[in-house]
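These are my notebook entries on a structure I went through with covalent links, strand pairing and charged side chains in mind. I put the structure up before the entries begin.

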Amino acid sequence: MIILSIVGILLVLVLPGAALSAALFPRGTLAIEKRVVVTLVLSIAAAALGGLFLNLSTLGLSFGTWAIYLLTVTLGATVIAVLRGFTGVAGRAPGPRLQLGLLNTGLFGVAAAVILIALAVAARPAPQQGLQGYSTLYLLPAANGDPNGYRIGVTSAEFSAVQYDIQLKLNGQVIYEWSNITLTPGQEWSSAVELSSSQKGAGRLEAVLYRHDHPGQAYRQTEVVRTGPGG
Amino acid sequence: MSLARSRESGATGTGDMVSPAASVPGTRTWEAQPGQTAALQERAGSVAAPLGWLPALCVVGAFGLLGVAIAFNGSRGGASWAEPVFWLGLLLLYVPIAFRVISAAPSRAERLGLVVFAGLGLYLVKIMQNPLAFTYPDEFVHQYNVDQILNTGHLFSPNVALPVTPLYPGLSTVTAALASLSGLGSFVSGLIVIAAARLILVLSLFLFIERISGSDRLGSIASMLYMTHPNFVFFSAEFSYESLALPLALAVAFLIAERESLDRSVARGATTIAAIVGIMAVIITHHLTSYALVAFFFGFAILDWRLSSKRRWAPWLIALFALAAASEWLFFVAGLTFSYLWPVAYRALLSIGQFFTGKGFTRELFTSSGGRVAPLWERAVGIGSVLVSAVGLPFGLWRVWNDQRKNPFALFLGGASCIYFGALALRFFPAAWEIANRASEFVFVGVSFVLALATVWLVGTRWLTGARQALLAAAFALLFVGGLVAGWSPNARLARPFLTEADGHTVEPQGLVASEWMLSFLGPKNRIASDPSNMHFLLTYGNQWPFSGNAYGIQSMMQATAIDQSVVSIIRSTGVRYILVDKRQISADQLVGVYLDRPSDPADSALLSRKVYGKWDGQAGVSRIYDSGNIVIYDVSALGGLPPGR
């Protein structure tokens with residue numbers, strides 16, 4: 001995965017532009033910092049403009065078409081660069097040589113390490129303190145189109161295990177009840193419900209979720225309007 | 001260029017340029033003489049470039065970033081110490097580098113390294129504020145565009161939240177390519193693309209100013225000054241099409257300046273080709289940036305025509321090419337741009353006109369749309385930063401006129417700096433504030449150049465005393481803090497909690513969870529009305545067709561206290577099938593409404609009136625299908641005369 005990521009980054013942001021800049025600017029004619037700018041700009045432009053052409057084709061934009069297109073650009077520009085003598089021109093790119101030395105290398109290493117620590121610190125999830133968990137309740141008609149079938153579900157995003165009771169009411173009368181459902185954080189519960197023949201009529205089907213630590217107080221409420229025997 | 005460089009003789013690095021030889025007939029006096037740059041660089045290549053303070057300042061800056069990270073961690077937990085630590089960390093990153101580049105001592109390599117470190121370091125600040133997901137409004141929009149390309153394999157998929165964005169597919173195409181080939185996903189790929197854009201920006205700005213002025217010192221000072229503009233730390237670092245287009249445009253500006261310095265050679269032709277490719281990339285990436293680039297080309301062409309002894313057609317050809325390409329894209333691909341940009345301009349003009357006719361009102365400075373008044377120190381710093389730049393501008397403009405008035409690039413940037421202060425006045429008008437804010441990113445290049453000239457002139461070159469250098473670094477710090485204070489809402493500056501952990505499980509914002517639930521249980525592309533914050537979750541995570549804001553009357557419908565005929569007619573006209581109601585008042589603020597709320601914080605926990613959020617309950621034909629506490633989803637298909645939802 002890491003290798004794929006690196007290859008992908010190079011293929012999109014570096015290689016096409018590097019090859020194009022080598023084709024346009026023979027070795028020794030562009031300072032390194034300018035070549036970096038030209039490389040990035042031409043890579044981004046190649047991807048952006050190439051996307052327009054791929055979009056017009058029937059092949060579209062996919063892993064395969066991107067790879068073929070960008071590799072083609074890279075290889076084609078490399079050939080031009082070689083033909084223009086990029087590898088053979090004497091002399092190094094203009095600009096002074098960088099001499100790091102042991103101390104400077106060490107300092108850069110310290111800076112890099114501290115930055116990595118900073119990123120790790122910043123990426124930590126927020127502490128629970130001051131925040132509040134929650135639960136979700138849903139009530140929907142059955143997915144298979146059954147006019148008297150319903151789906152009911154609860155998901156816990158609380159900070160600890162919670163015990164629930166659920167009541168399903170039709171026009172205010174409890175028709176189904178589920179008790180002592182314990183969900184840990186991230187856990188889900190769901191059930192399919194089919195109304196009996198005596199329950200098939202117009203009205204409101206209501207689902208109410210209660211928490212054991214707050215009995216009698218509706219925690220979540222959902223309801224579906226029934227227009228008649230057919231739904 | 002020659003006069004500016006002669007005053008830089010105090011520079012000691014071997015990377016610095018020397019005064020040019022006597023003017024060669026047929027060339028412009030402000031540009032480097034043919035062959036000079038290559039000879040200089042060849043000579044410089046034999047000497048090692050000293051890094052000076054660069055390694056040490058990188059360590060200092062890294063600790064500044066660590067301070068910012070600790071501050072963000074603290075602010076997510078509601079710590080009161082987070083804000084001062086945040087500012088300290090930022091200043092630790094910025095000020096030592098500003099102090100150093102003001103001096104004449106650093107080598108070119110050191111200056112380049114410092115500017116790149118500062119620019120990328122400030123980008124890391126934005127990443128550390130939101131390291132786990134995109135949370136800014138425009139970021140959701142562009143992430144959706146990327147995901148649509150990945151899912152459909154094609155460009156130009158409609159985007160109901162910001163319809164014009166798919167018509168400028170540069171950013172989303174590059175990001176989709178990276179996500180597809182690297183397997184990193186749209187979020188990480190987007191971060192990497194904007195990081196590359198940030199690198200292009202800082203390098204191009206440095207090289208552009210250096211090229212037109214002949215001074216790497218000016219290039220580095222101008223780059224550090226550019227980082228003080230109000231949008232640099234957060235808005236310009238967001239995953240948005242302008243964040244890519246502006247760096248590309250600066251790179252093109254550098255290439256054009258570079259081209260002007262080359263004699264008739266293959267290199268000149270190659271630079272022209274690279275610039276043309278860059279122009280095309282800008283045009284398909286962002287509307288306003290492409291128009292700003294066209295304006296730059298025409299400005300340069302006009303000034304060059306007036307100032308050159310020899311009439312040259314090349315600048316005009318480039319300008320006409322850019323104009324033709326931008327126009328073609330606008331008229332044949334992105335005609336929607338008119339209906340996107342014109343209302344903004346019209347409202348701004350109306351606001352200004354109403355003020356002068358006595359019918360309008362001005363915007364209260366330092367007061368947010370939510371009524372929050374900035375604390376005294378923020379107001380003082382904000383005003384102070386404007387005053388500092390206002391004081392420095394005349395000196396800088398005088399240097400432009402004195403030393404650079406044969407230099408068309410310098411004159412253009414001088415003019416741009418004057419526009420910036422005119423645009424500042426627009427901030428007093430409510431509907432024109434956005435224009436001023438957006439314009440600042442372009443014209444601030446001019447401000448940076450002019451203030452850099454003023455800086456160098458103010459402190460002299462060879463015999464800079466530590467005290468003057470420190471005073472100027474303090475002025476830079478004031479500009480930096482003042483810019484940030486003015487440019488980003490104070491309640492969005494520090495990090496907020498986007499997710500937390502419980503028993504190994506991640507707890508995410510209710511809007512995000514509700515959006516993912518909709519996609520799973522109700523399928524994609526359902527029309528749903530919601531508040532501005534949750535609209536972005538519905539779009540990006542739910543793949544729904546959300547409606548929000550003033551368009552189509554959605555906001556008035558959401559804020560109504562009863563279901564009356566106007567509400568029903570809005571539902572029918574928009575075809576919305578579902579309504580997502582977020583009971584929290586903060587959901588109206590799309591910058592901060594996307595986060596987990598802290599019940600103990602009054603700003604977070606304040607609820608809408610029960611009449612507003614509860615008006616759908618018990619209504620004939622309305623089903624309440626989802627409840628997560630703050631968020632309730634209603635099925636209103638019956639009200640709209642639509643068949644029932646899934």
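Entry 1, cysteines. I took a disulfide to be a pair of cysteine sulfur atoms within 2.5 Å, and I note at the outset that I was working on a predicted model. How many disulfides does the structure hold over all chains? I found zero. I also looked up the accessibility of two cysteines of chain B: B:C58 has 6% relative accessibility and counts as buried, whereas B:C418, with a relative accessible area of 39%, is partly exposed.

Entry 2, a hairpin in chain A. I followed strand β4 (residues 162-170) of chain A to its antiparallel partner, strand β5 (residues 173-183) of chain A, and recorded eight bridges joining them. Within this pairing, A:I166 stands opposite A:W178 in β5(A). Two residues lie between the strands of this hairpin, where I noted that A:N171 takes a positive phi near 50°.

Entry 3, salt bridges. Side chains of opposite charge can pair when their charged atoms come close. My count over all chains came to 21 salt bridges, and I went through several of them one by one.

In chain A, I looked up the pair A:D213 and A:R211, whose closest N and O atoms are 2.8 Å apart. A:D213 is partly exposed at 46% relative accessibility, while A:R211 is buried with a relative accessible area of 14%.

In chain B, I turned to B:R108 and B:E210, which form a salt bridge with the closest N and O atoms 2.5 Å apart. B:R108 lies in helix α5 (residues 108-129) of chain B and B:E210 in helix α8 (residues 185-213) of chain B, so this pair ties together parts that are 102 residues apart in sequence. I find B:R108 buried, at a relative accessible area of 13%, and B:E210 buried as well, at 3%.

I then examined B:D604 and B:R496, whose side chains meet in a salt bridge at 3.3 Å, N to O. Which parts of chain B does this pair tie together? B:D604 belongs to helix α23 (residues 602-605) of chain B and B:R496 to the loop between α18 (466-487) and β2 (500-502) of chain B, so the parts joined are 108 residues apart in sequence. Both B:D604 and B:R496 are buried.

My last item is a network of salt bridges in which B:R259, B:E260, B:D304 and B:R312 are linked.

Definitions and conventions:
Residues are numbered from 1 along each chain as its sequence is written. Chains are lettered from A and ligands numbered from 1 in the order in which they are written. This is a predicted model: local features need pLDDT of at least 70, side-chain atom pairs count only at pLDDT 80 or more; totals for chains, interfaces and linings use all residues. Side-chain values use heavy atoms; hydrogens and water are left out. Buried means under 20% relative accessible area, exposed over 50%, partly exposed in between (1.4 Å probe, protein chains only). Two strands pair if DSSP finds at least two bridges between them. Helices (H or I, at least four residues) and strands (E, at least two) are DSSP runs, numbered from the N terminus. A salt bridge is a side-chain nitrogen of Lys or Arg within 4 Å of a carboxyl oxygen of Asp or Glu.
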